Protein chains: 2
Amino acid sequence: MKLATLKDGSRDGRLAVVSRDLAWAVYPGEPRTMQAALERWDDVEATLTALYDQLNAGNAADAFAFDPHNAMAPLPRAYQWLDGSAYTNHGQWMERAFNLTPIDTTLPLMYQGGSDDLLGPHDDVPFRDDAHGIDCEAEVVVVVDDVPFGAKAADAAAHIRLVMLANDWSLRGLQPREMKTGFGFIHAKPSTSFAPVAVTLDELGEHWHDDRLHLPLAVDINDRRIGQPNAGEMSVGFGRLLEHAAFTRRLRAGTLIGSGTVSDAADGAGSAALAEVRAIEQVTQGQIRTPFLTFGDRVRMDMQRDGASIFGVIDQQVVSALG
Amino acid sequence: MKLATLKDGSRDGRLAVVSRDLAWAVYPGEPRTMQAALERWDDVEATLTALYDQLNAGNAADAFAFDPHNAMAPLPRAYQWLDGSAYTNHGQWMERAFNLTPIDTTLPLMYQGGSDDLLGPHDDVPFRDDAHGIDCEAEVVVVVDDVPFGAKAADAAAHIRLVMLANDWSLRGLQPREMKTGFGFIHAKPSTSFAPVAVTLDELGEHWHDDRLHLPLAVDINDRRIGQPNAGEMSVGFGRLLEHAAFTRRLRAGTLIGSGTVSDAADGAGSAALAEVRAIEQVTQGQIRTPFLTFGDRVRMDMQRDGASIFGVIDQQVVSALG
């Protein structure tokens, strides 16, 4: 099943079921919002799935053309956004390029992100200053319903209800100072952007296994491909990330858990963030050639299965917030 | 005006207006929840204030006795919880006691906290293991409506709608490892607890000035007073904390901003967290005598004005989450 949240002037938008080919949409009577669906998933899943099947068969009454420009983030705001950093390859390049001390932890890396203002796939992305090192990070994000306190990986993974694609915008010039405080990111991680539809695990077929999504994630900047790393290269899967998050507390329905910047050591995989492109340039060419983003630049992300977009694309422009 | 959220079986509870003396409550017809009130504050403030005045005068129809044991956190879940660390005195004791390197920053310290599951004033507080260094932190928290991107301190402070009292539970044994990663806190900061009522600034009278609440905050553990530091001793006020939070993004209605553990260098002020009690023991007596909390311990917090509780008390028991 594929679900989106369409703009209706409210902060939470309106839940819509979207056809597998992303061409059509239909509003369920209830629930009205994505958050409401996640809070009573077991009660609403069958009804929503039946509507999805009708839509795919061309039999849904009141179906309308799906316009991704009218999509908000599937959850336009969330009560929790926990982002991991689960690709060892990414960390290793950063450490080699910039002589960083490896982060001393045998546990998954994860930070608490801001979730009051998540952006839709074609919304302009406002930044204060393009001297701050504006960068993209293509990620896979899962959404859970209620996860019990202390859940182990396998039990926690059973609470994954939806999968999304995200661009975790980062300000590289502000990141080192915030990391040095030990308190994590406030300035360096502004609003995150999301692809238009969230999908259930069955939509991913054989590409979802070991709590990972094993497909390449294509990232283009101003129509230049910077990478298509395989998202399945996580050193720990989403179940383990959820176990980490739930170690000292329960997680409530609608919590988002991110993979961190997808990264893949395979030849030709490229990168899903400019920081990694630059790190590889530093190590292999002795100097950085690729700049960070500036106002007017566009970033596009897409993940396909059998030649068709799974989540719809993220395609956005970097703009000045303060004019 | 004083507002609370009462348990009604739902995740967000039901908004109630509470009398100044905390004896009576009444449900407004609309809005139904605290979050809804914050989203359209300018539209609902006059109606809620009129109801508050009737309640205080003994003239509110359908008034009922206010039971703080039936209160949830004023916002039982929030889209954002940003906690500062604005008391220099606290940081200095910690550095002296444990030979910590002072955190290198000229900007306010702040972390993004988990806000999907905030606790009411008399809810039991579940922890995984009382070997984790369970500690309390008494704090003042403000709640804003929509704050624009890049707002300066004075403009941002004008968006403060309510003030709350919180216990930012902390696990001291897990904190150093998470700080070393630079990614902030996931394990070390489980659910935060809140006093039963949130109050508007006019309730604080002359005690609110310079974007700070200038009153002592009493903290008792198992009926032993550990401190009553004055919350006005912040090195930066809430306006400056909000400016910091809004530097690279807007803040959406219902965002919580905390002061950090209240700390006061005055003689006899004591401390609002056991970590500080222990740091002072280490420095002044050469050894730590006070243990962290264990299952069954109770923590009580209260702030009074003219001998009357402003927010109602937090009074909770530390319990085992996993049985």
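The following dialogue concerns the contact between chain A and chain B and the cavities of a predicted model.

Modeller: In this predicted model, local features need pLDDT of at least 70, side-chain atom pairs count only at pLDDT 80 or more, and totals for chains, interfaces and linings use all residues. Residues are numbered from 1 along each chain as its sequence is written, chains are lettered from A and ligands numbered from 1 in the order in which they are written, and side-chain values use heavy atoms, with hydrogens and water left out.

Biologist: What makes the residues of chain A and chain B count as being in contact, and how many does each chain give?

Modeller: Contact requires heavy atoms within 4.5 Å. By that rule, chain A gives 55 residues and chain B gives 55 residues.

Biologist: How do you know what area is buried between chain A and chain B?

Modeller: Buried area is the accessible area (1.4 Å probe) that two parts lose on being put together, summed over both. Here it is about 5,200 Å², with 56% from carbon and sulfur atoms. On the side of chain A, A:Tyr79, A:Phe183 and A:Ile186 lose the most area to chain B, together 18% of what that side buries.

Biologist: Why is the pair A:Asp146 and B:Arg11 called a salt bridge?

Modeller: The term requires a side-chain nitrogen of Lys or Arg within 4 Å of a carboxyl oxygen of Asp or Glu. The side chains of A:Asp146 and B:Arg11 meet at 2.7 Å, N to O, and therefore satisfy the rule. Between chain A and chain B the count is eight salt bridges.

Biologist: What is the make-up of the side of chain A that touches chain B, by class?

Modeller: That side has 24 nonpolar, 17 polar and 14 charged residues. In this division Ala, Val, Leu, Ile, Met, Phe, Trp, Tyr, Cys and Pro count as nonpolar, Asp, Glu, Lys and Arg as charged, and the others, Gly among them, as polar.

Biologist: What makes an empty space a cavity, and how many are there of 30 Å³ or more?

Modeller: On a 1 Å grid over the protein atoms alone, a cavity is a set of points where a 1.4 Å probe fits but cannot get out; lining residues have an atom within 4 Å of a point. Six cavities of 30 Å³ or more are found. A volume is the space filled by probe spheres set on the points, which are joined across faces, edges and corners. The largest cavity has about 90 Å³.

Biologist: Which residues lie closest to the centre of the largest cavity?

Modeller: Of its 12 lining residues, the closest are A:Glu178, A:Thr181, B:Pro108, B:Met110 and B:His244. The lining comprises six nonpolar, four polar and two charged residues.

Note on methods. 1 Å grid on protein atoms, 1.4 Å probe; cavity = no way out; pocket = protein on both sides within 12 Å on 5 of 7 lines; lining within 4 Å.
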